[in-house]
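Q: I'm new to this one, so could you take me through one part of it up close? A helix would be a good place to start, and then whatever else you can show me.

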Amino acid sequence: MDYQYFEEESDYIDLDEEEEEEETVGGLDYRFGKTEDEDYYLGGDEEEEEEVHGYGVLGLSEQLLESLQSCLEPSLVQVLQYVAPMLLLCLLCRLLCLLYSQRKRLTSLAPLHLIHFGCGLVLLQFSLGHRLLLLLLLAAMGYLLLQLLRLGRKGAQILAVLTVGSQFLYELLFWRRRSDWPQLRGIQMVVNMKLISLGFDLTASGQLQARIPGPLAYLGYIYSPATCALGPWVSFGCYIDCLVPRNGWLVSLRRLVPNALLCVLAVTVSNCVAPALSDFFGDSSHFLVMYWDALSVRTSHYFVGIMAQALLVASDQRLDGAGKESDLLGPLVSKPWLIEWPRSISSLVRSWNIPMHEWLKRYIYAPCKVDGSRGRTLLAVLSTYMVSSLLHGMDLRIYVVLISLAVFAEGESLLRRQLAGVLDACISANLCPGKERCRYGNCPSKRRWSSVSFWLVRATNLAFTGLAIFHLAYLGVVLLGDALEIGDEHESFLWHWQQEGYLSHYIGAATIVLYLFIS
């Protein structure tokens, strides 16, 4: 089996759900079809049937309009109250750093770190209140753990284990007050990622390469207003490079406006449109219920990602790696257009949280892979999924979704790669690199639209896109709302999968079996 996930033609998957930001949609009736007490329009008179059939488009439009009128204004007001202070603090931080950097001689970076730390504290105080004290305590413990880096690479590995362990310890201590945890979990997860990346960066050669950052530089990095509340992860080197703003204010304003509009669109779909559509189709199609409920989860994640992009733009903070910035939107945290219409499962998951993918690739997968042998590569893949799961805390839903994604995407990638080689057709899981670079003879970019192979390849890729959309709805619906008790048959998060007969899992297993059969 080929596990080359992180190469240029990789099929590695990483799912980073910002689940602390997921919207809970209450009151949905997930029952569909006939019940024992209902005769669902059977035996009714013709007038009743005509009334039912005529209800379709008009009923849907009326329900959507009613939903928008009742929930749009409260949602937008709540979002504005939450978002506006964050943007203002990021802009203030940028302005103060710009004013200080315009001095003739920049003798010290300490004031810049202090500005970032102070603005970040105010932002978190606004969001968390007294719970900020716990995060400060964990940050102090993290700085003490940084002293382990004096042991070299082994110290960085111990640091990684202890930082992830601290997240589990907090969740165990507050198990009976889990309502406090979801909002803090995402913030602490980003802090842990920063600590681990700092440890591995400083010990890249096996020994401590540079001096451990001072307390002020450490706190400025951990609590920079651009990344402390919603993420994403940025390396310490990238944070230092962006201490002095470089882009003009007009460029930032031009990028802030589309991000703000997309935020409004995402929260409208998540809170109003998707729940209304799910409720409307609740008695007709279980797949549509799953799709619209999962769309509510996805658009909630898009809102968080786009809001994080807006904070990055306001602070003039860039991301690690090349190709992560758009002229229109600035630094990209996710790519919703590649998620909603994916070429493959692996490509949509890589687009879910781009900085998280970069972090896992750099600090987990690459060090575990080492010599590139098949055994080491398999170990690297398993380690990557394990770390990605552990960073999300103790949530069975995340574990189940990640394991399922690993199986589905691995089977699809291997099968499509094998079929592409046998048929010499551009149907692999990765996007076609273009006419000049594509190595397959039967590629739509090399064929005329009138040729048979052109349409066969297009149809095959379209079929896999449809399958990926089905998997996306099937897996995403279990992340809607809070984790429910597994013991309750009708309220278990596995209820939707049971109604579908675990079809997606059977398809995922079938792709692996088919690959083994033809390989």
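A: Here is a look at one helix, followed by a cavity, some ring pairs and two single residues.

A quick word on the ground rules. This is a predicted model, so local features need pLDDT of at least 70 and side-chain atom pairs count only at pLDDT 80 or more, while totals for chains, interfaces and linings use all residues. Residues are numbered from 1 along each chain as its sequence is written, and side-chain values use heavy atoms, with hydrogens and water left out.

Let's start with helix H5, residues 153-173. Helices here are DSSP runs of H or I with at least four residues, numbered from the N terminus. At 1.5 Å a residue, the 21 residues of H5 should span 30 Å, and that agrees with its end C-alpha atoms, which are 30 Å apart. (The expected span is 1.5 Å times one less than the number of residues.)

Now look at which residues of H5 are tucked away. Its buried residues are Gly155, Ala156, Leu159, Ala160, Thr163, Val164, Ser166, Gln167, Tyr170 and Glu171. They cover an arc of only 165° around the axis, which puts them on the same side of H5; the arc is that of the directions from the helix axis to the C-beta atoms. On the other side, Lys154, Val161, Leu172 and Leu173 are exposed. Buried means under 20% relative accessible area, exposed over 50%, and partly exposed in between, using a 1.4 Å probe and protein chains only.

Next, the empty space. Searching the whole structure turns up five cavities of 30 Å³ or more. A cavity is a set of points, on a 1 Å grid over the protein atoms alone, where a 1.4 Å probe fits but cannot get out; lining residues have an atom within 4 Å of a point. The second largest cavity holds about 70 Å³, a volume being the space filled by probe spheres set on the points, with grid points joined across faces, edges and corners. Among the residues lining this second largest cavity are Asn247, Arg255, Asp316 and Pro331. H9 (249-280) and H10 each supply at least two residues of that lining, and H9 gives the largest share, three residues. The lining divides into four nonpolar, three polar and four charged residues. (Ala, Val, Leu, Ile, Met, Phe, Trp, Tyr, Cys and Pro count as nonpolar, Asp, Glu, Lys and Arg as charged, and the others, Gly among them, as polar.)

H10, residues 286-315, also contains glycine 305. At 5% relative accessibility, glycine 305 counts as buried. Proline 336 is 31 residues away from glycine 305 in sequence, with 9.6 Å between their C-alpha atoms.

On to the rings: the whole structure has 16 aromatic pairs. Rings of Phe, Tyr and Trp (its six-membered ring) pair if their centres lie within 6.5 Å; planes under 30 degrees apart count as stacked, over 60 as edge-to-face and the rest as tilted. Tyrosine 221 and phenylalanine 236 make an edge-to-face pair, 5.2 Å centre to centre with 85° between the planes. Tyrosine 221 lies in helix H7 and phenylalanine 236 in helix H8, so the pair ties together parts that are 15 residues apart in sequence. Tyrosine 221 is buried, with a relative accessible area of 1%. Ring pairs also link Phe287, Tyr291, Trp292, Phe470, Tyr474 and Trp497 into a cluster.

Finally, alanine 509 lies in helix H18, residues 503-518. Alanine 509 is partly exposed, with a relative accessible area of 39%.

Technical notes: On a 1 Å grid over the protein atoms alone, a cavity is a set of points where a 1.4 Å probe fits but cannot get out, and a pocket is an open set with protein on both sides within 12 Å along at least five of seven lines; lining residues have an atom within 4 Å of a point.
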